[in-house]
Amino acid sequence: MTRPLRLSGLLALSLVTLSLSACGFRPLYAEPGVTLGLSDIAVDNPRGRAGYLVTEALNDALATRPGAAGWRLDLDLSEQRFPRGLRVDNVATRYEYVLTAAYTLRAGATGEPAKTGRVRVELTYDSADQPYASITAQQDAQERAAAEAARRIQLELAAWFADRAEP
C-alpha cells in the first residue's frame, strides 16, 4: 500500500470517529453497569426443548456468572406452528413457527418485578416428505427462533440497564 493511500485511510477513519463522537453516539455496553448487570442475572429454565434452548442462549449471551443472584429472569414460552404452502392433496410443504417469550426481570433479594417484556419470533421452514428430514427442519427452526428470542431479550435488558445507569 502506498503512503498517500495509507494517510488518506487514516484521515477517513479519524473523520468517522470524530463525526460519531459529535453526534452523541454511545456504545450500549460502554454504559457503566450494563455488562455487570447482565452477568448478574440468573435465568429461570422453562420446561421443554424450547425452554432449554432459550435458557442456554440467554446464559451464553448474558455471560451469566455461576451463582448470580442479583436478578432473576422468569420466562414463559409459547410455541405455535401453522401450515403454509399447501399442495393439491392438502399436505403442507412449508410451516410457520412462532415462538413467543414473555419475561419478567425480578430483583434477586425481594423478588419484586423490575422489568417485563415480550418478544415474538416468527420464521418459516420447509417440510419434506421424509419424516426425519421434516423433524430436523422443525428442530432447526426451533433452535433459530430460540437464539433470536434470546438475542432480543438481551438487547432489551441491556437497554434497560443502560437507562438505569444514566444520571
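This passage walks through the overall make-up of a predicted model and then the surroundings of strand β3.

Starting with the big picture, the protein has 167 residues, and 33% of them are buried. Its secondary structure comes down to four helices and four strands, laid out along the sequence as α-α-β-α-β-β-β-α. As for how the chain meets itself, take the contacts with a separation of 6 or more: 63% of them link residues 24 or more positions apart. On the outside, the accessible surface adds up to about 10300 Å², with carbon and sulfur atoms supplying 56% of that area.

Now for strand β3, which covers residues 92-107. Counting as buried anything under 20% relative accessible area, 12 of the 16 residues in β3 make the cut, so the strand is largely enclosed by the rest of the structure.

Strand β3 has pairing partners in both β2 and β4. With β2 (residues 71-86), the pairing is antiparallel and runs over 15 bridges; one of the matched pairs puts F82 opposite E96 of β3 as its bridge partner. The two strands make a hairpin with five residues between them, and there N90 adopts a positive phi near 65 degrees.

Over to β4 (residues 113-126), which also pairs with β3 in the antiparallel sense, here over 13 bridges. In this pairing, Y97 finds its bridge partner in L123 of β4. A hairpin shows up here too, with five residues between β3 and β4, and G111 in the turn carries a positive phi of about 80 degrees.

Conventions
Residues are numbered from 1 along each chain as its sequence is written. This is a predicted model: local features need pLDDT of at least 70, side-chain atom pairs count only at pLDDT 80 or more; totals for chains, interfaces and linings use all residues. Side-chain values use heavy atoms; hydrogens and water are left out. Buried means under 20% relative accessible area, exposed over 50%, partly exposed in between (1.4 Å probe, protein chains only). Two strands pair if DSSP finds at least two bridges between them. Contact means heavy atoms within 4.5 Å. Accessible areas come from the Shrake-Rupley method with a 1.4 Å probe; for residues, only the protein chains shown count as cover.
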